[in-house]
Amino acid sequence: MSNITKACGISRQTFYHHFRDKYSVIEYLYEPAIKEIGMGCGSDIQEVLLRMYEECCNNRANYISVISYEGQNSFEEYCIKGNREFFMEYFTQKYGNGNLDKSLETAIDSSCHGAAFTLISWIRNGMKECSEFIA
């Protein structure tokens, strides 16, 4: 925590006035970008993925830095959560609320973890492949 407040030039008290913990900073920083990515894509999963990879390319240093933290409330968890929300909304619109069977929910969870793993691996490996290829 002291690294964050020192780098920002603020006191811990000021930090906690704006954020409940250091993990809420991730939400604050990335939620607007994630929402922006999904806007205008409708149900085009390919377009959402492409925009996510482009966002990472455009803010390379930020994403390389944020993936260094692993564990609870990490960027990986945030990606999985965001992916799951997108897919659940997509399939709820397609099949109706309450019509998702357990096997579909399991497939969604698996896809969300796989998409997050692929994104983070791509970032860790220096984002060498073009975003169109990865998405």
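Is serine 74 buried or exposed? I will come back to that after a short tour, and I should say at the outset that this is a predicted model.

First, the overall layout. The protein has 135 residues, and 30% of them are buried. There are eight helices and zero strands, so if you read from the N terminus on, you meet α eight times in a row. Take the contacts between residues at least 6 apart in sequence: 58% of these join residues at least 24 apart.

Now to the core. The largest nonpolar core has 25 residues. Inside this core, Cys56, Tyr63, Phe75, Leu119 and Ile123 have the most contacts. The elements that supply two or more residues to it are H4, H5, H6, which covers 75-95, and H7, which covers 102-124.

Let me take H4. This helix covers residues 45-58, which is 14 residues. Its end C-alpha atoms are 20 Å apart, and that agrees with the span of 20 Å that it should have at 1.5 Å a residue. The buried residues in H4 are Val48, Leu50, Met52, Tyr53, Glu55 and Cys56. Cysteine 56 is worth following further. With its neighbours within four places in sequence left aside, cysteine 56 is in contact with Tyr63, Leu119, Trp122, Ile123 and Met127.

Next is H6. It has 21 residues, and from first C-alpha to last it reaches 30 Å, close to the 30 Å expected at 1.5 Å a residue. Its buried residues include Phe75, Tyr78, Cys79 and Ile80. Further along H6, Asn83, Phe87, Met88, Tyr90 and Phe91 are buried as well. Just after this helix comes glycine 96, with a positive phi of about 95°.

Back to serine 74, then. This residue sits in the loop between H5 and H6. Serine 74 counts as buried because its relative accessible area is 2%, and the cut-off for buried is under 20%. Once the neighbours within four places in sequence are set aside, serine 74 is in contact with Ile26 and Tyr69.

That brings me to empty space. Rolling a probe the size of a water molecule over the atoms shows where such space is left. How many cavities of 30 Å³ or more does the structure hold? It holds one, with about 40 Å³ of space in it. Serine 74 is part of its lining, along with Ile67, Tyr69, Glu70, Glu76, Ile120 and Arg124. By class, that lining divides into three nonpolar, one polar and three charged residues.

There is also the second largest pocket, which has about 530 Å³ of space. It is lined by 18 residues, and the closest to its centre are Ile4, Lys22, Val25, Ile26 and Leu29. Three elements give two or more residues to this lining: helix H1 at 2-8, helix H3 at 22-38 and helix H5 at 60-66. Which helix gives the most? That is H3, with seven residues. The lining of this pocket has 14 nonpolar, three polar and one charged residues.

One residue links the last two parts of the talk. Ile26 is among those closest to the centre of the second largest pocket, and Ile26 is also in contact with serine 74. Serine 74, in turn, lines the largest cavity.

Methods:
Residues numbered from 1 in each chain as written. Predicted model: local features only at pLDDT ≥ 70, side-chain atom pairs only at ≥ 80, totals over all residues. Heavy atoms only, no water. 1 Å grid on protein atoms, 1.4 Å probe; cavity = no way out; pocket = protein on both sides within 12 Å on 5 of 7 lines; lining within 4 Å. Points joined across faces, edges and corners; volume = space filled by probe spheres on them. Helix = DSSP H or I, 4+ residues; strand = E, 2+ residues; numbered from the N terminus. Nonpolar A, V, L, I, M, F, W, Y, C, P; charged D, E, K, R; others polar. Expected span 1.5 Å × (residues − 1). Buried < 20%, exposed > 50% of the residue type's maximum accessible area, 1.4 Å probe, protein only. Core = buried A, V, L, I, M, F, W, Y, C linked by side-chain atoms within 4.5 Å. Contact = heavy atoms within 4.5 Å.
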